[in-house]
Amino acid sequence: MAVLPISAVKVDGQNNGLNFTGIRKNKYSSEINNDSVKSNDLAKVPVVLMIAMSPTMMNGKTPIQYMPLDEGNMTEMFEQAPVESNDATYVAKPEEFQQSDPLGVAYFRYSRIQQIKPAIASGRKANLVMTSYNRNDNTVSKVYLVRNDYKNSIETQEPPYIRELIYHDLGPDKEFLGVKVIESVYDKNTQKYKGTIGYEVKLDDTSAQYLLDFNAGSTKWKDITGIKFRETTNPNVAPVKEY
């Protein structure tokens with residue numbers, strides 16, 4: 001497989017249009033990236049990079065479970081969940097967008113949600129929630145990564161959000177994109193703030209490509225999130241870090 005020259009990737013905090021869509025034929029490759037200008041063009045030319053999404057590639061340690069900071073070793077959160085065969089085709093239901101607490105998250109009650117994109121994060125169904133501080137423009141101020149099983153009825157508790165895109169350059173058929181996620185932790189009984197953790201999760205190829213296009217300025221949204229881009233040859237996702 002042809003591989004994009006390394007010079008085509010910037011390591012200065014923003015990617016330079018990295019093509020990351022897989023060459024596998026699948027029924028969701030064209031429908032999920034409808035809003036990406038670059039993705040429409042990719043359908044007409046050879047693809048140069050692919051995320052490895054086979055079960056063997058999904059066996060790396062990935063954070064999918066969350067618990068209070070004082071309830072055990074944080075590395076236990078890296079248990080891998082099985083990937084359902086139809087995960088990549090999941091589309092959020094209309095009522096999830098329209099309810100008073102979008103996606104069951106009260107923090108979004110008064111947020112301006114620009115777009116919700118389905119994603120698979122370390123084998124779990126999730127959504128990329130793109131929000132804006134501004135009311136009348138096309139900016140995106142923050143991108144949240146909200147698992148389908150994440151529900152929160154307290155409107156002052158911010159859900160997990162993305163701070164960094166991490167391209168793992170492992171060679172043809174092995175590369176993947178991870179995202180560094182920041183999450184506040186609260187006591188499950190008192191709801192008092194306990195601290196903040198950061199961790200990395202591995203994304204499916206379509207949502208990864210969309211975020212890369214977004215970061216490169218190739219979607220309809222203006223990115224003012226401050227999300228950084230960096231490259232690594234480390235095959236493992238970053239461990240959980242407490243702040």
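**Notes on a predicted model**

1. A good place to start is Thr-225, which touches Val-140, Ser-141, Lys-142, Val-143 and Phe-214, leaving aside residues up to four places away in sequence. Bear in mind while reading that this is a predicted model. Where does Thr-225 lie? You'll find Thr-225 in the loop between strand 8 (222–223) and strand 9 (228–232).

2. Thr-225 also has polar company within its own stretch of chain. Its side chain and that of Asp-223 are joined by a polar contact of 2.6 Å. The side chain of Thr-225 also reaches the backbone nitrogen of Ile-227, at 3.1 Å.

3. Now for the rings. How many aromatic pairs does the structure hold? There are five aromatic pairs. One of them is Phe-108 with Tyr-144, an edge-to-face pair with 5.3 Å centre to centre and 70 degrees between the planes. This pair links distant parts of the chain: Phe-108 sits in the loop between helix 2 (94–98) and strand 1 (112–121), while Tyr-144 belongs to strand 4 (residues 142–147), and the two are 36 residues apart.

4. Are Phe-108 and Tyr-144 buried or exposed? The cut-off for buried is under 20% relative accessible area. Phe-108 has 1% relative accessibility, so it counts as buried. Tyr-144 comes out at 3%, so it is buried as well.

5. Another edge-to-face aromatic pair is made by Tyr-186 and Tyr-193, with 5.9 Å centre to centre and 70 degrees between the planes. Here Tyr-193 is exposed, because its relative accessible area is 51% and the exposed class begins over 50%.

6. Going back to Phe-108 and Tyr-144, which residues form one aromatic cluster with them? The answer is Tyr-107 and Tyr-161: together with Phe-108 and Tyr-144, they make up one cluster.

7. Two lysines deserve a look for what their charged ends do. The charged end of Lys-117 sits over the ring of Tyr-210, 4.4 Å from the ring centre. Likewise, Lys-202 has its charged end over the ring of Phe-176, 4.5 Å from the centre of that ring.

8. Next, strand 1. Nine of its ten residues are buried, so strand 1 is largely enclosed by the rest of the structure. Ile-120 lies in this strand and, at 6% relative accessibility, counts as buried. Ile-120 also ties in with one of the lysines above: Ile-120 and Lys-202 are 82 residues apart in sequence, yet their C-alpha atoms are 8.2 Å apart in space.

9. What does strand 1 pair with? Its partner is strand 2 (residues 124–132), in the antiparallel sense and over nine bridges. Lys-117, met above over a tyrosine ring, has Leu-128 as its bridge partner in strand 2. The hairpin of strand 1 and strand 2 has two residues between the strands, and Ser-122 there takes a positive phi near 50 degrees. As background when you look along these strands, side chains in a regular strand alternate between the two faces of the sheet.

10. Last, Ser-111, which has its place in the loop between helix 2 and strand 1. Ser-111 is partly exposed, because its relative accessible area is 25%. Ser-111 and Asn-134 are 23 residues apart along the chain, and 9.7 Å separates their C-alpha atoms.

Definitions and conventions:
Residues numbered from 1 in each chain as written. Predicted model: local features only at pLDDT ≥ 70, side-chain atom pairs only at ≥ 80, totals over all residues. Heavy atoms only, no water. Phe/Tyr/Trp six-rings, centres within 6.5 Å; stacked < 30°, edge-to-face > 60°. Helix = DSSP H or I, 4+ residues; strand = E, 2+ residues; numbered from the N terminus. Buried < 20%, exposed > 50% of the residue type's maximum accessible area, 1.4 Å probe, protein only. Lys NZ or Arg CZ within 6 Å of the ring centre and 35° of its normal. Polar contact = N/O pair within 3.5 Å; in protein donor to acceptor, adjacent residues only side chain to side chain. Contact = heavy atoms within 4.5 Å. Pairing = 2+ DSSP bridges.
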